[in-house]
Amino acid sequence: MARQKSKEATTSVYGAGPKDLTVEQHTMTIMVDNEPGVLARVIGLFSGRGYNIESLTVAETDHDKNISRITIVANGTPAVIEQIQHQLERLVPVHKVVDLTVEGAHVSRELGLFKVVSTGDKRIEALRIAEIFGAKVVDSTLESFIFELTGKPDKIDAFVDLMRPLGLVNVSRSGSCAMMRGKDVL
Amino acid sequence: MTTAQAKTKAKLAKPKTKTITGADMVIEALAEQGVDTVFGYPGGAVLPIYDAIFQQKKIKHYLVRHEQGAGHAAEGYARSTGKVGVCLVTSGPGATNTVTALTDAMMDSIPMVCISGQVPTFLIGTDAFQEADTTGITRACTKHNYLVKDVADLPAIIHEAFYVAQSGRPGPVLIDIPKDVQFAQGQYISKDNVVLHSYQPQTEPDMAKIEDAVALMAKAKKPVFYTGGGVINAGPDASKALTNFVKETGFPITSTLMGLGAFPAHEEQWLGMLGMHGTYEANWAMHDCDVMVCIGARFDDRVTGRLDAFSPNSKKIHIDIDPSSINKNVHVDIGIIADAGSAIKAMAKVWKDKKYQADPKAMVEWWTEINGWRKKNCLAYTNSDTIIKPQYALERLRAHLEKDKRDAFITTEVGQHQMWAAQFLPFNAPNRWMTSGGLGTMGYGLPAAIGTQVGNRDGIVIDVAGEASILMNIQEMSTAVQYNLPVKIFILNNQWMGMVRQWQELLHGERYSESYTDSLPDFVKLAEAYGGIGLRAETPDELDGVIEEMLKTDKVTIVDVRVDQTENCFPMIPSGKAHNEMILSPDADKFDKTLV
């Protein structure tokens, strides 16, 4: 064997990963049995295999059938995204996994609560911007507001950016809820 | 079926039911699932089930000496019989001790159900004595697990667990049963009244893809079959179908460590195992092929070597029952989700119906090339008159086994001896080879041999072991003695953790860090202390006599074969190298030891 200390020679089988590094963001909807531990299984799969979760929402959507709907926004290369979908499908309590980003047009919405503490001009400006965004005031004192805003995640991001210099102290975001457009059902 | 649904259905259907305790339900459900053998170890939180075991005759319990042993014994039983292996352990340490065995079964897709006791429901979360978050701990190392909080759900959960364990890609399932649930009374539900809605693995192939795949095979000039444990898991029928189809096509075939035995090793088309310590001809055929037919294998890193140089010019067909295995490590051209047996039968039918035939001229050329690689005689080693070479010991074992009329089952520990066993022992039928492939668990072989012998009382079961691995679960000698299981432990004793030593020699500048075992026990006396038989071979001329004697014993027997301390296992694809860069025994001196 040639005695050369090239880069190639030191590449370990463990390090020879895929070269395709285009990271995409995908929104997936997962229908699961609403039973203890199911969320831990989903999250454990992401942490155990090194996948990244951007956001995750979950709640029971069909009480009679005991079904919950999870919406996950995940980042990864196309190969990783494909793996995530198949790995999720392997979980026993999972009924269905749909990659909305692959399926096509879908609606994605997020709810945010924002606490803004300020007085004087800043307080007035905060209220004015909230009106422009269509945010509701759900709590108010003489020195603070809590705004409620629903919209696409990037709209929420924009609102956060504008409120920051105006006394934004707390943000609580729900993560994305998503649904396919049109008459098709999951 | 979810637990809530199970309840609803039980109420609606009003099947013939009887009110019994949770512990009795366990026995009833196991018996209904066809279980007659359980490996286990009692403890506080599982006593009600042990009380139920005491009062019945349907299920025979084998008492192990450590819960890890129970898990591996269940695995050995499952691999050699094709049935689901069952183990029963207590809460806390009982459950945590099974984690290695569960992970092992997970990696190698072995159907197994582990029942663990848990502290009573009202104590869960209080850091009670022998409490552990068993479902939390085992979530990542089981195919699925359950914590049973209501006795009404217990029968449905057990039936569901057996379905999950053996359907689709098999794997371990754990059921954690709190002690108060074992005592509680409830109605038993039989398995026919349980339906699972969410988990429905696909087993039948997409015929359009099968036709594409077979058409591709028919056009191939340099085809190769690459098969794995999925074929074994699909049952002996699948192995038979594979053998017939491979003969029909005339293609060469290689297999992973897990897949040995699916295609008879004595056939001319058999190239031997592939991968890191696979044969020269198998790895070169994989590298140079133009069509690769992968059935029930998963492109593991020990098989592929360097990924970007893996079989660069081939079209790849991948058949697997697990959709997540397809395109996981290697991108394939045709991915088919199916049970290996169904897919092979479907392919064979298309091949026959369309009267396909391999290109005769291309096949002659391909086989000429392969036979050229075979001439390398890659498993050759330099024998000695004075020192026992480990390869020679296994060749002699092979010769004696070929004369023996009994069905031979081989288990192994993990390391050099495991690879030599895979290279030198004959595997002509499925379910005769039990080894820890994916996880690489030292200490697997002896308990697995015990499970294998329990499932195959008339067979001859040999654990090919290293002196380091065997010490990891040596306590199971006592189990073998208790149940008169005449397991043979064939130790290739070189006083080193051989594979670690080999890597340190070749890849870590010959710095032998902590790989030598000082103060080893006298294995002959050790065997005798347990009530077994101990034999020793120190020179090559003693080998045959010792093996003959070993095959005659009716008790658990340790054979301490003192082998060459510095022998390395070749061929070897060094980590980070491609299939065509493998090194053979004579090349070893030329190997650049400063590479890594």
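**Exercise 1. Work out what share of the contacts in chain B between residues at least 6 apart in sequence join residues at least 24 apart, and set out the make-up of chain B.**

*Solution.* Start with the contacts: two residues are in contact if their C-beta atoms, placed from the backbone, lie within 7 Å. Among contacts in chain B between residues at least 6 apart in sequence, 78% join residues at least 24 apart. A word on the model: it is predicted, so local features need pLDDT of at least 70 and side-chain atom pairs count only at pLDDT 80 or more, while totals for chains, interfaces and linings use all residues. Residues are numbered from 1 along each chain as its sequence is written, and chains are lettered from A and ligands numbered from 1 in the order in which they are written.

Next, the secondary structure of chain B comes to 24 helices and 20 strands; these are DSSP runs numbered from the N terminus, with helices (H or I) of at least four residues and strands (E) of at least two.

Then take burial. Of the 596 residues of chain B, 57% count as buried, where buried asks for 20 or more other C-beta atoms within 10 Å of the residue's own, exposed for 12 or fewer, and partly exposed lies in between, with C-beta atoms placed from the backbone.

Last, the overall dimensions. Chain B has a radius of gyration of 25 Å, which agrees with the value near 25 Å for a compact globule with 596 residues. This radius is taken over C-alpha atoms, and the globule rule is 2.2 Å times the number of residues to the power 0.38. Along the principal axes, the C-alpha atoms of chain B fill a box of roughly 70 × 60 × 45 Å.

**Exercise 2. Describe how helix H4 (residues 67–81) and helix H6 (residues 99–107) of chain B pack.**

*Solution.* Two packed helices are described by the angle between their axes and the distance between the axes. Here the angle is about 25 degrees and the axes are 7 Å apart. Axes are lines fitted to C-alpha atoms, for helices over the stretch in contact, and angles run from 0 to 180 degrees between N-to-C directions. That makes H4(B) roughly parallel to H6(B), since angles under 35 degrees count as roughly parallel. Now look at who touches whom: H4(B) brings B:Gln68, B:Gly71, B:His72 and B:Glu75, and H6(B) brings B:Thr100, B:Ala101, B:Leu102, B:Asp104 and B:Ala105.

**Exercise 3. Find the strand order of the open sheet of six strands in chain B, and place its edges.**

*Solution.* The order is E11-E10-E9-E12-E13-E14, with parallel pairing; two strands pair if DSSP finds at least two bridges between them. The edge strands, each pairing on one side only, are E11 (270–273) and E14 (334–337) of chain B. Neighbouring strands of this sheet are turned by 15 degrees against each other on average, direction ignored.

Zoom in on one edge: four bridges join strand E13 (residues 315–320) of chain B to E14(B), and B:Ile317 has B:Ile334 in E14(B) as its bridge partner. Helix H15 (residues 340–353) of chain B packs on the sheet, touching E12, E13 and E14 of chain B.

**Exercise 4. Locate A:Met179 and name its contacts.**

*Solution.* A:Met179 is found in strand E9 (residues 177–180) of chain A. With 16 other C-beta atoms within 10 Å, A:Met179 is partly exposed. Leaving aside neighbours within four places in sequence, A:Met179 is in contact with A:His106 and A:Val107.

Notes. Parallel < 35°, antiparallel > 145°, perpendicular 65-115°, else oblique.
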